[in-house]
Amino acid sequence: MRIALLGATGRTGGELMKQAPAAGHEVVAHVRRTEALGAHPSLTVVGSQLDDTATLTTALVRGEAVAVTLGPKIREHSAAIMQTAIPAAITSAKATRVNRVVVLCALGVGETFANSSHPYRFGCR
């Protein structure tokens, strides 16, 4: 399977970067800083901003799934990362007929619990 990954340089994305190729999947990592990723035989790196729908759409060509593992750093908990990235991911997935968009989030785990809203905290317990 060819998987487009947003958030490849983070902890969750890094784990997916290890596991997906080991399971025989091809990964297209959409990152802001291409120099943050090393070379890997099953990896294609595409660099652009999170709201660059045109570049993301090109990255999704021949794709079968989009995995979004984005999240702000704890000290930047109010950053609008998901509000920026999710619309672009959905628009690009629709344009390329990719029917799987998976969002992985660790909000509410460990120190991030204090940064979450009260309704979300209820769901985390």
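## Close-up views of a predicted protein model

The protein exposes about 7,600 Å², and carbon and sulfur atoms supply 54% of that area. Please keep in mind throughout that this is a predicted model.

**Figure 1. The whole protein has four helices and five strands.** Start at the N terminus and follow the chain: the elements come in the order β-α-β-β-α-β-α-β-α. The protein has 125 residues, and buried residues make up 36% of them. Now think about contacts between residues at least 6 apart in sequence: 52% of these join residues at least 24 apart. The views that follow visit some of these elements one by one.

**Figure 2. Methionine 1 sits in the segment before β1.** Is this residue buried or exposed? Methionine 1 is partly exposed, with a relative accessible area of 36%. Leaving aside residues up to four places away in sequence, methionine 1 touches Gly24, His25, Glu26, Glu64, Ala65 and Arg100. Look also for glycine 63: along the chain it is 62 residues from methionine 1, yet the C-alpha atoms of the two are separated by 7.6 Å.

**Figure 3. Arginine 2 and glutamate 26 form a salt bridge.** The structure holds two salt bridges, and in this one the closest N and O atoms are 2.6 Å apart. Arginine 2 belongs to strand β1 and glutamate 26 to strand β2 (residues 26-31), so the pair ties together parts that are 24 residues apart in sequence. How do the two partners compare in burial? Arginine 2 counts as buried, at 10% relative accessibility, because the cut-off for buried is under 20%. Glutamate 26 is partly exposed, with a relative accessible area of 31%.

**Figure 4. A salt bridge within helix α1 joins glutamate 15 and lysine 18.** Their side chains meet at 3.8 Å, N to O. Why are these two residues separated by about one helical turn? They are three residues apart in helix α1 (residues 11-22). An α-helix has 3.6 residues a turn, so residues three or four places apart point the same way. Glutamate 15 counts as partly exposed at 37% relative accessibility, while lysine 18 is exposed, with a relative accessible area of 57%.

**Figure 5. Helix α2 has a buried side and a face turned away from it.** The buried residues here are Leu56, Thr57, Ala59 and Leu60. Seen down the axis of α2, they fall within an arc of 160 degrees, so they line one face of the helix. What do the buried residues of α2 pack against? Their neighbours are β1, β2, β3 (43-47), β4 and α3. On the face turned away from the buried side, you can find the exposed residues Ala54 and Thr58. Just after α2 comes arginine 62, which takes a positive phi of about 70 degrees.

**Figure 6. Helix α3 runs from residue 81 to residue 95.** This helix has 15 residues and reaches 21 Å from its first C-alpha to its last, close to the 21 Å expected at 1.5 Å a residue. Which residues of α3 are buried? They are Ile81, Ala85, Ala88, Ala89, Ser92 and Ala93. These residues cover an arc of only 130 degrees around the axis, which puts them on the same side of α3. That buried group packs against β1 (2-6), α2 (53-60), β4 (65-68) and β5 (101-103). On the other side of α3, Gln83, Lys94 and Ala95 are exposed. If you continue just past α3, you meet arginine 97, which takes a positive phi of about 60 degrees.

**Figure 7. Ile90, Val101 and Val103 form a nonpolar patch on the surface.** Together these residues have about 210 Å² of accessible area. Where does isoleucine 90 lie? Isoleucine 90 is part of helix α3, the helix shown in the previous view. Isoleucine 90 is partly exposed, with a relative accessible area of 37%. That value lets isoleucine 90 be part of a patch, because patches are made of residues with over 30% relative accessible area and no salt bridge.

Notes. Residues numbered from 1 in each chain as written. Predicted model: local features only at pLDDT ≥ 70, side-chain atom pairs only at ≥ 80, totals over all residues. Heavy atoms only, no water. Expected span 1.5 Å × (residues − 1). Buried < 20%, exposed > 50% of the residue type's maximum accessible area, 1.4 Å probe, protein only. Arc of directions from axis to C-beta. Contact = heavy atoms within 4.5 Å. Patch = residues over 30% accessible without salt bridge, like charges linked within 9 Å, V, L, I, M, F, W, Y side chains within 5 Å. Areas by Shrake-Rupley, 256 points an atom, 1.4 Å probe, with all protein chains shown as cover. Salt bridge = Lys/Arg side-chain N within 4 Å of Asp/Glu carboxyl O.
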